[in-house]
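User: I'd like to learn how to read a few features off a model like this one. Could we start with salt bridges?

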Amino acid sequence: MKMHRVGLTTQITIGMVGGIVFGLLFGPLATTVKILGDIFLRLIQMAVILLIFGAVIEALGTLNPRDLGKLGAKTGLWFLMTTLLAATIGLGSGLLFKPGLAVHLDQLQPVGATAKATSSLNETILNFFPTNIFASLASGNVIQVIVFAILFGTVLSRANQRGQFSGLLTLVSQLNQLTVKLVMLVMKLAPISIAALMAGIVAANGSQVLLPLFQFLGIYGLATALFLVGLLTFVSWYAKVPIVGLIRGLSQIIIVAFTTTSSAVALPVEMRDAQAKLGVSKSVSQLVLPLGMALNSNGLAMYVALVCVMLTQLYHIQLTGVGLIQIVLLAVLSCLGTVVVPGGGLVALTIIVPTLGLPISSVALFAGIDWFSGMFRTVANVVGDTTTAIAVAADEHALSRDAYKSPATAPKS
């Protein structure tokens, strides 16, 4: 009888469940194993900047300059549409279910941080542009690295069309291949590492960690599910691919995103599965996915919009039409240059909350469940990025639909 090898997706799922059970059974003792998960995250993150840097340069460098502008415009338009949709769903969910009315805060603290928050937004935009690319690489500043890589890749594309610097492009491509192999080697540790990570989180917080804002998490999870169902259904129709194959190809990406709460950690898996399981060409996936990680945080936009509505309800503030539009716009802007590691949601809230005239201390209400909300947030982020890559590839006739065939229906070689 032939033994079937257990896939990595199944192994990670087993590890996640086992880690939760271990954390509940052994309590504080289980926190000692969390270091295994922390080491795993560091091993993945150490290669992410190099992977993004090389992938964007290679993707742009191999494109015809005329195609580059068209592909970039399509990608940006998809990012904008999906982010606006996510922010609108978050806003609508808050208005419909009113999670903030379950708790009453009588005092609204005076806020004098609006000017400071505006300055912070200006500084955030300015900080998109590096003064020293080596400093940006060393500090792990994703958005600055991407800006430099876009400019460098664009110049390399033009030179490559004239037959110049082809050796440099080959070197970048080889470096990317080695980086991906390194990440895939580390990914073999994922099942046991994620088990340790989940055990430590559950042991440190206890099962009651969800109770204070359980309603908020439930609403956010429902909103995320609504967003994913709508997005996957539309992309399945738009790209003319079977939705079952689409879900199957996204399954491991979703599990890694859900268990690590990090778009950066999920990126190598996205890039691999987008090509191998979802039929996206290498040229499209290497451009769209790294850009999406830094610029297209659908889950964060939804999260920020829902949090802002909940806070206005907590402090009994009546929202006008202008206020609703302001929340959506701020939620979309907060996605630019988002921190792509766990905890990025709190960073975004510290900028957005004072801008709305709400006390900065309100952010602390959500700190205790940031890891759990990050699960939904990261899933929406990576699915939004990957489906954008599928849609753009379909537009560019760079999508292989054979990848969506199940083993039973795929033609035998």
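Analyst: Sure. A salt bridge here is a side-chain nitrogen of Lys or Arg within 4 Å of a carboxyl oxygen of Asp or Glu. Keep in mind that this is a predicted model. Asp38 and Lys34 fit that rule, with their side chains meeting at 3.1 Å, N to O.

User: Where do Asp38 and Lys34 lie?

Analyst: Both sit in helix 2, four residues apart, which is about one turn of the helix. An α-helix has 3.6 residues a turn, so residues three or four places apart point the same way. As for cover, Asp38 is partly exposed at 29% relative accessible area, and Lys34 is partly exposed too, at 23%.

User: How many salt bridges does a search of the whole structure find?

Analyst: Five. One of them pairs Glu58 with Lys282, whose closest N and O atoms are 3.5 Å apart. Glu58 belongs to helix 2 and Lys282 to helix 12 (residues 282–295), so this pair ties together parts that are 224 residues apart in sequence. Glu58 is buried, with a relative accessible area of 6%, whereas Lys282 is partly exposed at 34%.

User: Which residues do salt bridges with shared partners join into one network?

Analyst: Begin with Asp273 and Arg272, whose closest N and O atoms are 2.9 Å apart. Shared partners then join Arg272, Asp273 and Lys277 into one network. Within it, Asp273 is buried at 1% relative accessible area, while Arg272 is partly exposed at 26%.

User: On to the nonpolar side. Which helix gives the most to the largest nonpolar core?

Analyst: That core has 116 residues, and those with the most contacts inside it include Phe40, Met187 and Tyr303. Helix 2 (residues 34–61) gives the most to it, with 14 residues.

User: And helix 13: is it enclosed or open?

Analyst: Count its buried residues: 17 of the 17 are buried, so helix 13 is largely enclosed by the rest of the structure. You can check its length as well. At 1.5 Å a residue, helix 13 (residues 298–314) should span 24 Å, and its end C-alpha atoms are 24 Å apart, which agrees. Just after helix 13, His316 takes a positive phi of about 55 degrees.

User: What does the side chain of Thr387 reach?

Analyst: The backbone oxygen of Gly384, at 3.1 Å. Thr387 is in helix 17 (residues 370–395) and counts as buried, at 1% relative accessibility.

User: Which residues make the nonpolar surface patch?

Analyst: Val17, Val21, Phe22, Leu25, Phe26 and Leu29 make it, and the patch is about 560 Å². Val17 is in helix 1 (residues 8–26) and is partly exposed, at 45% relative accessible area.

How values were computed: Residues numbered from 1 in each chain as written. Predicted model: local features only at pLDDT ≥ 70, side-chain atom pairs only at ≥ 80, totals over all residues. Heavy atoms only, no water. Patch = residues over 30% accessible without salt bridge, like charges linked within 9 Å, V, L, I, M, F, W, Y side chains within 5 Å. Areas by Shrake-Rupley, 256 points an atom, 1.4 Å probe, with all protein chains shown as cover. Helix = DSSP H or I, 4+ residues; strand = E, 2+ residues; numbered from the N terminus. Buried < 20%, exposed > 50% of the residue type's maximum accessible area, 1.4 Å probe, protein only. Core = buried A, V, L, I, M, F, W, Y, C linked by side-chain atoms within 4.5 Å. Expected span 1.5 Å × (residues − 1). Polar contact = N/O pair within 3.5 Å; in protein donor to acceptor, adjacent residues only side chain to side chain.
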